[in-house]
Amino acid sequence: MTAAGNGAQAESGTPLLEVTDLVVHHGQLRALNEISLQVFPGEVYAIIGANGAGKSTLLRTIAGLHHPTTGSVIFDGTDVTRLRPERRATQGIVMVPEGRRLFGSLSVEENLQVGASYARQGPWTIERVYEMFSWMRERRNQLTAQLSGGEQQTVAIGRALVANPRVLMLDELSLGLAPVVVQRIYGMLPQILGTGLTVLLVEQDVSQALRVASRIHCLLEGRTTLEGQPADVTADQVEAAYFGLADATPASPPGEGSEP
Ligand SMILES: Nc1ncnc2c1ncn2[C@@H]1O[C@H](COP(=O)(O)OP(=O)(O)OP(=O)(O)O)[C@@H](O)[C@H]1O
Ligand SMILES: [Mg+2]
């Protein structure tokens, strides 16, 4: 079973998050080139792509950590493109950053308290996180620097959850973790989605993304090369979109595109 139950019917509703023609520069580098996407309530939307494709730049721009050159980010009908990151967090845009970024010299519980400091009202509390992960309660006074990579990733997710996100953005959960740990972490998704969350995730492991996502969006050098539901894209299309092979063009409607 995939975690993404609502993908198919979701597209008929109103998007929770809408990114339109986003262009982002890092200095001279055009890291994102007119990226558009719509994420609907309750879905798991996955951004895939190789190193340097612009995946983290996209999530960080949605979180307010990079300012776009042009384009817009609309969240629940409100233009948040110019809002500061803390304001976006209190509206429900919360990110688990690549590399977790926990405070290693703080305890598990202190890290969770950091997450709660910009929290919205909602179902998630530190107590609720401890109910979901009982080991965390037992080790709440331990410094996070002493935890394993998988444990740190779980604390990072807990820290995001206590902020009561409406859209939870996850940047490469699987980075540096053993496959069995990755499976365990992704196994939590249905429970998280069950509290009404929407998930936007970045994943380099394409088969993992295809397993959990209602829709995937492939970036290559800052451009969209493929977007669709996992059931509607072939392995060859995904591979071509990911690596930029000559036949990367996703299936286009008849009559479009160049003549042979
Ligand atoms: N703060 C920054 N300053 C300058 N260049 C940056 C910055 N952040 C990212 N870049 C560059 O922008 C491009 C996109 O980077 P980004 O981190 O978004 O890619 P990514 O898809 O997340 O890659 P990875 O899979 O390796 O995490 C890369 O060429 C990267 O070197
Ligand atoms: Mg990245």
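## Briefing on a predicted protein model

E172 sits in the loop that runs between β7 and α8. The model it belongs to is predicted. The protein contains 11 helices and 10 strands, and of its 260 residues, 41% are buried. Among contacts between residues at least 6 apart in sequence, 72% join residues that are at least 24 apart.

**Two residues with positive phi**

- E172 is not a glycine, yet its phi is positive, near 55°.
- E172 counts as buried because it has 22 C-beta neighbours inside 10 Å, and the cut-off for buried is 20 or more.
- E34 also is not a glycine and has a positive phi, of about 50°.
- E34 belongs to strand β2.
- With 14 other C-beta atoms within 10 Å, E34 is partly exposed; a residue would need 12 or fewer to count as exposed.

**Helix α7**

- Helix α7 covers residues 149-161, which is 13 residues.
- From its first C-alpha to its last, α7 reaches 18 Å, close to the 18 Å expected at 1.5 Å a residue.
- Of the 13 residues of α7, 10 are buried, so the helix is largely enclosed by the rest of the structure.
- The buried residues run from Q152, Q153, T154, V155 and A156 to I157, G158, R159, A160 and L161.
- These buried residues pack against two strands, β6 (93-96) and β7 (167-171).
- They also pack against the helices α4 (108-116), α5 (126-132), α6 (134-138) and α8 (179-186).

**How α4 meets α7**

- Two packed helices are described by the angle between their axes and the distance between the axes.
- For α4 and α7, the axes come within 7 Å and cross at roughly 35°.
- The crossing of these two helices, α4 and α7, is right-handed.
- On the α4 side, the contact is made by V108, N111, L112, V114 and G115.
- On the α7 side, the contact is made by V155, G158, R159 and A160.
- Sorted by class, the contact of α4 with α7 has five nonpolar residues, three polar and one charged.
- V155, G158, R159 and A160 of α7 thus appear twice: they are listed among the buried residues of α7, and they take part in the contact with α4.

**The surroundings of ligand 1**

- Ligand 1 is surrounded by 14 residues, and the closest are H26, N51, K55, S56 and T57.
- Two elements, β2 (29-39) and α2 (55-63), give two or more residues to the shell around ligand 1.
- The largest share of the shell, three residues, comes from α2.
- By class, the shell around ligand 1 has nine polar residues, three nonpolar and two charged.

**H25 in strand β1**

- H25 lies in strand β1, which spans residues 17-26.
- H25 counts as partly exposed because it has 17 C-beta neighbours inside 10 Å, while 20 or more would make a residue buried.
- Leaving aside neighbours within four places in sequence, H25 is in contact with R30, A31 and T69.
- H25 and T70 are 45 residues apart along the chain, and their C-alpha atoms are separated by 9.7 Å.

Technical notes:
Residues are numbered from 1 along each chain as its sequence is written. Chains are lettered from A and ligands numbered from 1 in the order in which they are written. This is a predicted model: local features need pLDDT of at least 70, side-chain atom pairs count only at pLDDT 80 or more; totals for chains, interfaces and linings use all residues. Helices (H or I, at least four residues) and strands (E, at least two) are DSSP runs, numbered from the N terminus. The expected span of a helix is 1.5 Å times one less than its number of residues. Two residues are in contact if their C-beta atoms, placed from the backbone, lie within 7 Å. A residue is near a molecule or strand if its C-beta atom, placed from the backbone, lies within 6 Å of it. Ala, Val, Leu, Ile, Met, Phe, Trp, Tyr, Cys and Pro count as nonpolar, Asp, Glu, Lys and Arg as charged, and the others, Gly among them, as polar. Axes are lines fitted to C-alpha atoms, for helices over the stretch in contact, and angles run from 0 to 180 degrees between N-to-C directions. A crossing is left-handed if the near helix is turned anticlockwise from the far one by less than a right angle, and right-handed if clockwise.
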